[in-house]
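Visitor: I am new to this structure and should be grateful for a close look at a single part of it. Please take the place where the two chains meet.

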Protein chains: 2
Amino acid sequence: MWASHSWSLIHCLSSKPNLKKQVLPRLRIGSGDEVAIGPGKAELLERVLRSGSISEAARQMNMSYMRAWTLIRTMNRCFRKPVVVTTRGGRMGGGGAELTEIGQKVLTLYVRMNAECLSAIRSDWRQLQRLLRA
Amino acid sequence: MWASHSWSLIHCLSSKPNLKKQVLPRLRIGSGDEVAIGPGKAELLERVLRSGSISEAARQMNMSYMRAWTLIRTMNRCFRKPVVVTTRGGRMGGGGAELTEIGQKVLTLYVRMNAECLSAIRSDWRQLQRLLRA
């Protein structure tokens, strides 16, 4: 499911420094008092998907393993089923992690919603850009 | 210009606690290394527009006058012309503040872009809601 979307959160976020003027949709999905998923948690999911490892994803995002695990636990609690599960072995040996089916659905929907936002605001964003100092 | 938009950031943000599942677009507009406008700065603009006072807007948002003024200075620097100007007298006496023409345009565009996002993601948001725990 994931592979069908070329738009990537990581690409979007990491291309930040090169853009003088930019707009980032930072959708925040709330569930009760918790943030079920937002830009940070979504990026974490995408990095777990790509690396197959929570510790590697955490390292790439300059956060501790504990912090990454806390974010994942919150997501696992907010959705009907866990979005990430840990596996024995993993790509690098020593235990890995992968997105469940629902986890892949959540990430795909989140990324698509971000892309839909960008597309919907295109015309107003052009107007707003003209109001920004060069 | 403002009055033509019934959708309000303040309403959107303050209705938060009543919703079990919610999505908030939190558009962030970057200009160089700075955030020209995002959810917090936009809410501040809206509250200055409504109250005619930076200190009243700051009070409503539980932030110091200095913090509010710093945010406004950043916005004034990022856009081609200042978005907020201070005035002598003001509604309550003792000096007031108002949005300039460009300030009103910026706020209107920002609010409209948020509304456009919400509208664009409606269908995927329905799908994502079903994946959230009840």
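In what sense do strand β2 of chain A and β1(B) pair, and over how many bridges?

Guide: The model is a predicted one, and the pairing you ask about is antiparallel: strand β2 of chain A, residues 28–31, joins β1(B) over four bridges. Within this pairing, Gly30(A) stands opposite Gln22(B), a residue of β1(B).

Strands of both chains also come together in an open sheet, in which three strands follow the order β1(A)-β2(B)-β3(B) with antiparallel pairing. At the edges stand β1 of chain A, residues 21–24, and β3 of chain B, residues 34–37; each has a single partner strand, so one side of each is left without a neighbour in the sheet. On average, and with direction ignored, neighbouring strands of this sheet are turned by 35° against each other.

Inside chain B, β2(B) and β3(B) run antiparallel and are joined by three bridges. Here Gly30(B) has Val35(B) of β3(B) as its bridge partner. Helix α4 of chain B, residues 65–78, lies across β2 and β3 of chain B and runs at about 90° to β3(B).

The strands are one portion of the meeting place. Counted by contacts, 35 residues of chain B touch 35 residues of chain A. On the side of chain B that touches chain A, at least two residues each come from β1 (21–24), β2 (28–31), α5 (101–120) and α6 (122–131) of chain B. The largest share, 10 residues, is supplied by α5(B). Sorted by class, this side of chain B holds 19 nonpolar, six polar and 10 charged residues.

One residue of helix α5 of chain B deserves attention, namely Glu116(B). Because a residue is classed as buried from 20 C-beta neighbours within 10 Å, Glu116(B), with 21 such neighbours, counts as buried. Apart from neighbours within four places in sequence, Glu116(B) is in contact with Ala120(A), Ile121(A) and Asp124(A). Glu116(B) and Pro25(B) are separated by 91 residues in sequence, yet their C-alpha atoms are 9.6 Å apart in space.

The relation between the two chains may be described next. A turn of 180° with a shift of 0.0 Å along the axis lays chain B on chain A with an RMSD of 0.0 Å. The two copies are therefore related as by a two-fold rotation axis. The same surface serves both copies, since 100% of the contact residues of chain B recur in chain A.

For the wider setting, consider chain A as a whole. Chain A contains six helices and five strands, and from the N terminus its elements run α-β-β-β-α-α-α-β-β-α-α. Of the 134 residues in chain A, 35% are buried. Among contacts in chain A with a separation of 6 or more, 53% are between residues 24 or more positions apart.

Finally, there is the matter of confidence. Chain A has a mean pLDDT of 87, and 81% of its residues reach 70 or more. Over residues 1–6 of chain A, pLDDT stays under 50, and the model has 10 contacts beyond four places in sequence for this stretch. The scores of the model are ipTM 0.85 and pTM 0.84.

Note on methods: Residues numbered from 1 in each chain as written. Chains lettered and ligands numbered in written order. Predicted model: local features only at pLDDT ≥ 70, side-chain atom pairs only at ≥ 80, totals over all residues. Contact = placed C-beta atoms within 7 Å. Nonpolar A, V, L, I, M, F, W, Y, C, P; charged D, E, K, R; others polar. Pairing = 2+ DSSP bridges. Axes fitted to C-alpha atoms, helices over the stretch in contact; angles between N-to-C directions. Buried ≥ 20, exposed ≤ 12 C-beta atoms within 10 Å, placed from the backbone. Least-squares fit on C-alpha atoms with pLDDT ≥ 70 in both. pLDDT = per-residue confidence, 0-100.
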